[in-house]
Amino acid sequence: MNETGYTEARRTMVESQLRARGIRDPGVLRAMEEIPRHLFVPPDLAKQAYDDRPLDIGAGQTISQPYMVALMSELLAVEPHHRVLEVGTGSGYQAAILAALAREVVTIERFENLARQAAGRLRDAGCGNVRVVVGDGSAGARDYGPFDRIIVTAASPLVPPSLKEQLAAGGRLVCPVGTRHAQKLVVVDHGDGVFEESEGVGCVFVPLLGKEGWSEDD
Ligand code: SAH
C-alpha cells in the first residue's frame with residue numbers, strides 16, 4: 001500500500017471504528033487521523049495496521065485495537081498543558097497519540113528492546129515531547145512525576161498505589177483492572193487527597209508484570 005492508501009485507510013478507520021462508535025473528542029479523532037499507525041507495527045503487518053483489532057508486536061505483546069486507544073485517550077481528557085505518564089509503551093503508538101494532545105509524555109516499558117524500537121518510531125514520527133524510559137512502571141516513574149494524567153495500557157489486579165501517589169491534585173488515571181483474562185477500564189479522579197473511582201467498559205489487556213502488578217509466576 002502507498003501513502004495515499006494508508007491515509008485513506010486511516011480516514012476510514014476514524015469514521016467506521018471511532019466516530020460510528022461514539023468517539024467525539026476532536027483532538028483524539030484528529031490525532032488518530034494523522035498519526036501513521038502502520039509505522040508502529042512490524043513491517044510485515046503494516047497492511048493490517050488499520051484493522052479493527054489488536055496486533056502482535058513481538059515479545060508476546062500487542063498494540064491495542066484502534067477503538068481502545070481512542071476510548072482510553074478520550075476518557076483521559078488530556079489538555080494541552082498536561083504532563084502525562086503512560087505505563088506500557090509497547091509499540092509507542094498510544095504515546096504518539098498522547099503526544100499530540102499533551103505538553104509532555106513520559107512512557108515507561110519493561111522490555112528494553114520494545115522501548116528502543118518505540119523511541120525510534122516516535123522520533124521518526126516527529127514526536128519530540130515524548131521521553132521513553134525503561135523500567136517497572138507498575139511503581140510509576142517517580143523521578144519524572146507528578147503527572148496530570150496517567151494511563152496504564154496493561155492489565156492490573158488493582159490500581160497500583162504508587163500511581164495514585166504520582167497523580168497531581170485534579171489529576172485523572174485510567175487503568176484496566178481485573179483478572180489476567182478480563183478487565184474493566186477504571187477511571188480514578190484525584191480531588192486533592194480524595195480518590196474517586198468509577199468502572200467502565202470491559203477490556204482485555206496483556207498483564208502488568210511488576211512490583212505493583214502481577215508477579216511473573218502468578
Ligand atoms: N500502549 C501500547 C500497548 C501496550 S501492550 C501501544 O500503544 O502499543 C502492554 C505493554 O506493557 C507491553 O509492552 C508490556 O511489556 C508492558 N508492560 C507490562 N508490565 C509492565 C511494567 N510493569 N512496566 C512497564 N511496562 C510494562
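**Exercise 1. The ligand site**

Where does the ligand sit? Describe its surroundings in this predicted model.

Solution.

Step 1. Locate the site. The ligand sits in the largest pocket.

Step 2. Find the elements around the ligand. Strand S2 (61-63), H4 and strand S4 (104-109) each give two or more residues to the shell. The largest share, three residues, comes from S2.

Step 3. List the nearest residues. There are 25 residues around the ligand, and those that come nearest are Ser91, Glu109, Asp136, Gly137 and Leu209.

Step 4. Look at single atom pairs. A polar side-chain atom of Ser91 is 2.6 Å from an oxygen atom of the ligand. For Gly137, a backbone N or O atom lies 2.8 Å from a nitrogen atom of the ligand. Gln94 has a polar backbone atom 3.0 Å from an oxygen atom of the ligand.

Step 5. Consider the surface. The ligand taken alone exposes 580 Å², and the protein buries 99% of that.

**Exercise 2. Helix H4**

Which residues of H4 are buried? State what this says about the place of the helix.

Solution.

Step 1. Name the residues. Tyr93, Gln94, Ala95, Ala96, Ile97, Leu98, Ala99 and Leu101 are buried in H4.

Step 2. Draw the conclusion. Helix H4 spans residues 93-101, and because eight of its nine residues are buried, the rest of the structure largely encloses it.

Step 3. Connect this with the ligand. H4 is among the elements that give two or more residues to the ligand shell, and Gln94, a buried residue of H4, has a polar backbone atom 3.0 Å from a ligand oxygen atom.

**Exercise 3. The cysteines**

How many disulfides does the structure hold? Examine Cys203 and Cys127.

Solution.

Step 1. Recall what is being sought. A disulfide is a covalent bond between the sulfur atoms of two cysteines.

Step 2. Give the count. The structure holds zero disulfides.

Step 3. Check Cys203. The closest cysteine sulfur to that of Cys203 is in Cys175, 8.9 Å away. The cut-off for a disulfide is 2.5 Å, so the Cys203 and Cys175 sulfurs are too far apart for a bond.

Step 4. Judge the exposure. Cys203 has a relative accessible area of 7% and is therefore buried, since buried means under 20%. Cys127, at 11%, is buried as well.

**Exercise 4. Backbone geometry in three loops**

Which residues does a cis peptide bond join? Then describe the phi values of Ala77 and Asp192.

Solution.

Step 1. Find the cis bond. The cis peptide bond joins Gly145 and Pro146, with omega about -5 degrees. Pro146 belongs to the loop between strand S5 (130-134) and strand S6 (147-152).

Step 2. Take Ala77. This residue is in the loop between helix H3 (66-76) and strand S3 (83-87). Its phi is near 50 degrees, a positive value in a residue other than glycine. Ala77 is partly exposed, with a relative accessible area of 29%.

Step 3. Take Asp192. The loop between strand S8 (183-191) and strand S9 (194-203) holds this residue. Phi of Asp192 is near 40 degrees, again positive in a residue other than glycine. With a relative accessible area of 67%, Asp192 is exposed, because exposed means over 50%.

**Exercise 5. Positions in sequence and in space**

What separates the C-alpha atoms of Pro207 and Arg180? Treat Val87, Gly135 and His38 afterwards.

Solution.

Step 1. Place Pro207. It lies in the segment after S9 and is partly exposed, with a relative accessible area of 27%. Pro207 and Arg180 are 27 residues apart along the chain, and their C-alpha atoms are separated by 6.1 Å.

Step 2. Place Val87. This residue of strand S3 is buried, with a relative accessible area of 3%. Val87 and Gly126 are 39 residues apart in sequence, and their C-alpha atoms are 21 Å apart.

Step 3. Place Gly135. The loop between S5 and S6 contains Gly135, which counts as partly exposed at 23% relative accessibility. From Gly135 to Gly120 the separation is 15 residues in sequence and 18 Å in space, C-alpha to C-alpha.

Step 4. Place His38. It is found in the loop between helix H2 (26-34) and strand S1 (55-58), and at 6% relative accessibility His38 counts as buried. The His38 side chain makes a polar contact of 2.8 Å with the side chain of Tyr50.

How values were computed: Residues are numbered from 1 along each chain as its sequence is written. This is a predicted model: local features need pLDDT of at least 70, side-chain atom pairs count only at pLDDT 80 or more; totals for chains, interfaces and linings use all residues. Side-chain values use heavy atoms; hydrogens and water are left out. Buried means under 20% relative accessible area, exposed over 50%, partly exposed in between (1.4 Å probe, protein chains only). Helices (H or I, at least four residues) and strands (E, at least two) are DSSP runs, numbered from the N terminus. A residue is near a molecule or strand if one of its heavy atoms lies within 4 Å of it. A polar contact is a pair of N or O atoms within 3.5 Å; within protein, one must be able to donate a hydrogen and the other to accept it, and residues adjacent in sequence count only if both atoms are side-chain atoms. Accessible areas come from the Shrake-Rupley method with a 1.4 Å probe; for residues, only the protein chains shown count as cover. On a 1 Å grid over the protein atoms alone, a cavity is a set of points where a 1.4 Å probe fits but cannot get out, and a pocket is an open set with protein on both sides within 12 Å along at least five of seven lines; lining residues have an atom within 4 Å of a point. A molecule sits in a cavity or pocket if more than half of its atoms lie within 2 Å of its grid points.
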